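I opened the file to look up a few local features and wrote the entries down in the order I checked them.

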Amino acid sequence: QVQLVESGGGSVQTGDSLRLVCAASGRTSRSYGIGWFRQAPGKEREFVAAITWGGGNTYYADSVKGRFTISKDNAKNTVPLQMNSLKPENTADYYCASAPRGTAAQAMGVMKTYNYWGQGTQVTVSS
């Protein structure tokens with residue numbers, strides 16, 4: 001199994017930045033990459049960004065391109081998500097998840113691809 005723990009959430013103002021971190025442990029060798037998802041109140045969970053452990057290939061939802069940056073630290077098994085120019089509509093619970101080895105690149109943005117999930121961290125952006 002792969003265990004995932006998110007950190008870094010909080011309450012900020014419009015235009016502020018936050019840096020979320022996903023820490024992976026356990027059988028991380030079975031993980032192909034990490035994705036970040038979010039779920040706003042009353043809405044479905046949606047893809048935000050993803051990165052592969054090996055090649056560092058990155059994937060972003062159109063809504064966050066240019067404002068959010070995903071990266072990785074293979075030595076620490078962490079995946080930060082830097083979020084800049086935050087907006088009230090970015091308010092949500094943010095989750096990281098692990099995609100298994102063998103995942104196709106085009107599947108990295110698909111929620112059902114991921115087989116391990118963290119508990120989430122809350123982000124609130126006020127106007």
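**Entry 1: one valine**

In which strand does Val-123 lie? I looked it up and found Val-123 in strand E11, residues 121–126. I note here that the model is a predicted one.

Next I checked burial. Val-123 has 0% relative accessibility and therefore counts as buried, the cut-off being under 20%.

I then listed the contacts of Val-123, leaving aside neighbours within four places in sequence. The list holds Gly-9, Gly-10, Leu-18, Leu-20, Met-83, Asn-90, Thr-91, Ala-92 and Tyr-94. I also took one C-alpha separation: Val-123 and Pro-88 are 35 residues apart along the chain, and their C-alpha atoms are 9.7 Å apart.

**Entry 2: the strand around it**

I went along E11 to see where the side chains go. In a regular strand the side chains alternate between the two faces of the sheet. E11 shows this alternation. Thr-121, Val-123 and Val-125 point to one face and are buried. Gln-122, Thr-124 and Ser-126 point to the other face and are not buried.

Which strands pair with E11, and in what sense? I found strand E2 (residues 10–13) paired with E11 in the parallel sense, over 4 bridges. Within E11, Thr-124 is the residue that Ser-11 stands opposite. I found E9 running antiparallel to E11, with 3 bridges joining the two. Val-123 turns up again here, as the bridge partner of Ala-92.

**Entry 3: an open sheet**

I moved on to a sheet of 4 strands. This sheet is open, has the order E1-E3-E8-E7 and is paired in the antiparallel sense. Its edge strands are E1 (2–7) and E7 (68–70), each of which pairs on one side only. From one strand to the next I get an average twist of 15°.

I looked at the E1 end in detail. E1 pairs with strand E3 (residues 18–26) through 6 bridges, in the antiparallel sense. I picked out one bridge, where Ser-7 has Val-21 in E3 as its partner. E1 has two unlike faces: Val-2, Leu-4 and Glu-6 make up the covered one, while Gln-3, Val-5 and Ser-7 make up the uncovered one.

**Entry 4: the disulfide**

How many disulfides are there? I count 1. A disulfide is a covalent bond between the sulfur atoms of two cysteines. In this model the bond joins Cys-22 to Cys-96, with an S to S distance of 2.1 Å. The link of Cys-22 and Cys-96 is right-handed, with 70° about the S-S bond. Cys-22 lies in strand E3 and Cys-96 in strand E9 (residues 92–100), so the pair ties together parts that are 74 residues apart in sequence. I checked both cysteines for burial, and both Cys-22 and Cys-96 are buried.

**Entry 5: salt bridges**

I searched for salt bridges and the count came to 2.

One is between the side chains of Glu-46 and Arg-38, at 2.7 Å from N to O. I looked up the accessibility of each partner. Arg-38 has a relative accessible area of 6% and is buried, whereas Glu-46 has 37% and is partly exposed.

The side chains of Lys-65 and Asp-62 also meet in a salt bridge, at 3.1 Å from N to O. Is Asp-62 buried or exposed? I read 64% relative accessibility for Asp-62, which means that Asp-62 counts as exposed, the cut-off being over 50%.

**Entry 6: positive phi**

I last looked at backbone angles, for positive phi in residues other than glycine. I noted two residues, Asn-77 and Ser-85.

Asn-77 has a positive phi of about 55°. I placed Asn-77 in the loop between E7 and strand E8 (78–83). Its relative accessibility is 23%, so Asn-77 counts as partly exposed.

For Ser-85 I find phi near 50°. Where is Ser-85 placed? I found Ser-85 in the loop between E8 and E9. At 40% relative accessibility, Ser-85 counts as partly exposed.

Methods: Residues are numbered from 1 along each chain as its sequence is written. This is a predicted model: local features need pLDDT of at least 70, side-chain atom pairs count only at pLDDT 80 or more; totals for chains, interfaces and linings use all residues. Side-chain values use heavy atoms; hydrogens and water are left out. Two strands pair if DSSP finds at least two bridges between them. Axes are lines fitted to C-alpha atoms, for helices over the stretch in contact, and angles run from 0 to 180 degrees between N-to-C directions. Buried means under 20% relative accessible area, exposed over 50%, partly exposed in between (1.4 Å probe, protein chains only). Contact means heavy atoms within 4.5 Å. A salt bridge is a side-chain nitrogen of Lys or Arg within 4 Å of a carboxyl oxygen of Asp or Glu. A disulfide is a pair of cysteine sulfur atoms within 2.5 Å.
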